[in-house]
Amino acid sequence: RGSQYLGEMSQFFDLYEKYYGKGKNYPEEYIAIRTNYYLRQGKYQEARGILADYRGEKEEFRILQARSLDTEAERLAASTALALENPSNLNLVNMLYTFYISEGTKDPSAYEQARKVIDAALVVSPENLSLQQMRGILSEPDPGAVTEEKKREISLGVMNTIADPLEKSREQGQFFLNQGFENQASGNEDQAKKDFELAKKELTAAAKLAPEDQAIQISLFRTALAQKDWSTAKNLVGTISGKDPVLGLSVEADLNIAQENWEAVARVLERYLQERPVSAQGHANLAQAYIQLAIQKQKENADKDAELYFSKAQEQARESFRQDSQNIRTMNLLASLIHQGNEQKGLENLGMAEITEMVSLVEKALDLNLSNEMMIRLGAIYYPIWTKWQSSSLAAQKMDEETRKSLNEKVSRIREKSISITRSLTSQNPQQVENWQLLAQLVYQYSQQEPDPAQQNKMLAEVERIYRDGMAANPNAAPLAA
């Protein structure tokens with residue numbers, strides 16, 4: 001999770017040693033967590049130091065010991081030796097395969113190492129389809145240059161060798177369904193339609209062979225949604241509900257979401273969450289339904305009803321975030337709802353707690369995905385408000401110079417970080433005028449918080465440069481010219 005993860009783990013280690021003491025006899029769980037913490041930062045010596053407290057022979061720790069060696073060559077050799085010693089560890093096998101395929105584009109001998117590892121794994125797991133597909137790729141003249149089309153051919157070839165009709169149809173059906181979604185996402189609609197039709201054929205065959213298999217019914221339902229075959233989807237909702245009423249509510253909600261029937265979505269999900277209150281996705285979907293209902297009420301000029309739905313949406317988004325604080329969709333949803341409420345109050349009327357909540361949410365989201373455009377834009381709004389509050393607080397409070405200096409440096413870091421992140425929008429999409437305006441406005445706001453006249457003038461000059469660069473990228477942009 002990036003810098004936030006490292007900061008949280010550092011605090012955890014400090015608290016652990018405060019209460020349990022610093023030294024030897026650390027429990028295995030602590031050693032593993034702290035070793036991974038060091039490895040994530042490339043601190044191999046520190047990782048070996050904490051591993052020195054481990055005295056057992058568990059494979060998990062032997063892998064950590066291999067990963068903590070100083071050079072990449074040493075780490076790779078030790079990890080490969082472990083994989084050949086115990087090729088049933090598929091996580092390690094997969095990791096090495098990925099590395100060797102990538103490395104093979106620079107050093108073809110890496111492919112031979114990959115073949116040794118995969119061949120050893122196939123001895124103990126000969127029926128593993130994923131391993132067979134990897135071996136098929138490694139049988140090509142240049143495994144690193146295998147196209148997606150060739151990978152598809154290899155995968156289908158492997159699945160065609162499956163003797164059991166049920167397993168064969170199920171694997172092929174799921175494969176075509178996944179391929180359909182991938183092609184749909186990449187804009188290849190014609191191929192996606194063909195894949196969904198093939199998925200339907202194979203999954204229907206599998207369902208006839210195993211009518212009680214709910215996983216197959218769910219995949220068939222997803223296929224019907226992808227094809228917008230509402231009649232088949234509705235029938236499958238009935239089939240699934242007959243075997244598992246709560247699961248039936250979940251898929252019924254999905255059908256109504258696909259049809260944008262938001263009143264039905266809300267009604268079904270409210271029932272579903274009574275049965276399954278711990279469901280981050282369920283709460284997020286209900287929040288989305290309430291948002292759509294609020295928008296409908298706004299169009300009907302029923303403002304009080306709209307306000308109520310927005311309030312209920314925020315409540316559901318908060319619960320979704322509470323249950324899964326790493327879900328980017330939930331973060332975006334919650335942030336947009338909070339921001340909407342803040343705008344209604346007036347950003348100038350917000351208290352420090354409200355500002356800090358938004359800044360914390362933006363920080364967490366950007367820590368997970370630095371390219372999250374929505375959060376970058378929200379950061380450009382809230383970071384200057386936060387730094388203004390902090391600067392005012394620093395001026396009003398009595399504190400020693402060291403503390404004041406430290407807090408001032410923190411404010412400066414936040415400013416620099418927010419400018420850098422916002423500037424990335426102009427690099428990614430220089431033809432979007434709003435990106436240049438956002439960056440210029442951000443720097444201008446910071447300039448107005450700058451007590452040093454020379455530094456303020458420097459920042460104002462930067463604002464002018466941003467407008468000039470924006471005009472160069474968009475010579476016909478009237479807002480920038482103004």
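Q: What share of the 482 residues in the protein is buried?
A: This is a predicted model: local features need pLDDT of at least 70, side-chain atom pairs count only at pLDDT 80 or more, and totals for chains, interfaces and linings use all residues. Residues are numbered from 1 along each chain as its sequence is written, and side-chain values use heavy atoms, with hydrogens and water left out. Buried means under 20% relative accessible area, exposed means over 50%, and partly exposed lies in between (1.4 Å probe, protein chains only). Of the 482 residues in the protein, the buried share is 41%.

Q: How many helices and strands does the protein have?
A: Both are DSSP runs, numbered from the N terminus: helices are H or I with at least four residues, strands are E with at least two. The C-alpha atoms fill a box of roughly 75 × 65 × 55 Å along the principal axes. The count is zero strands and 24 helices.

Q: At what angle do the axes of H16 and H18 cross?
A: Axes are lines fitted to C-alpha atoms, for helices over the stretch in contact, and angles run from 0 to 180 degrees between N-to-C directions. Contact means heavy atoms within 4.5 Å. Residues of H16, including Ala284 and Ile291, meet a set in H18 that includes Leu333 and Leu337. The axes of H16 (residues 280–299) and H18 (residues 328–345) come within 10 Å and cross at roughly 35°.

Q: Is Asn332 buried or exposed?
A: Asn332 lies in helix H18. Leaving aside neighbours within four places in sequence, Asn332 is in contact with Asn372, Met374 and Met375. Its relative accessible area is 19%, so Asn332 is buried.

Q: Which side chain of opposite charge is nearest to Glu202?
A: Glu202 sits in helix H11 (residues 189–209). Lys and Arg count as positive, Asp and Glu as negative; His and the chain ends are not counted. Glu202 is buried and has no salt bridge (a side-chain nitrogen of Lys or Arg within 4 Å of a carboxyl oxygen of Asp or Glu). At 4.9 Å, the nearest candidate is Lys201.

Q: Which side chain joins that of Glu202 in a polar contact of 3.5 Å?
A: A polar contact is a pair of N or O atoms within 3.5 Å; within protein, one must be able to donate a hydrogen and the other to accept it, and residues adjacent in sequence count only if both atoms are side-chain atoms. Not counting residues up to four places away in sequence, Glu202 touches Gln172, Gly173, Phe176 and Ser169. The polar contact of 3.5 Å is with Ser169.

Q: Which residue forms a salt bridge with Asp229?
A: Asp229 is in the loop between helix H12 (214–226) and helix H13 (230–243), and its partner is in helix H11, 29 residues apart. At 21% relative accessibility, Asp229 counts as partly exposed. The closest N and O atoms are 3.8 Å apart, and the partner is Lys200.

Q: Which residue meets Arg322 in a salt bridge?
A: Arg322 is exposed, because its relative accessible area is 61%. The two residues are three apart in helix H17 (residues 303–323), so about one helical turn separates them. The N to O distance is 2.6 Å, and the partner is Glu319.

Q: How far apart in sequence are Lys417 and Glu363?
A: Their side chains meet in a salt bridge (2.8 Å, N to O). Lys417 lies in helix H21 (residues 401–428) and Glu363 in helix H19 (residues 352–368), so the pair ties together parts whose separation in sequence is 54 residues.
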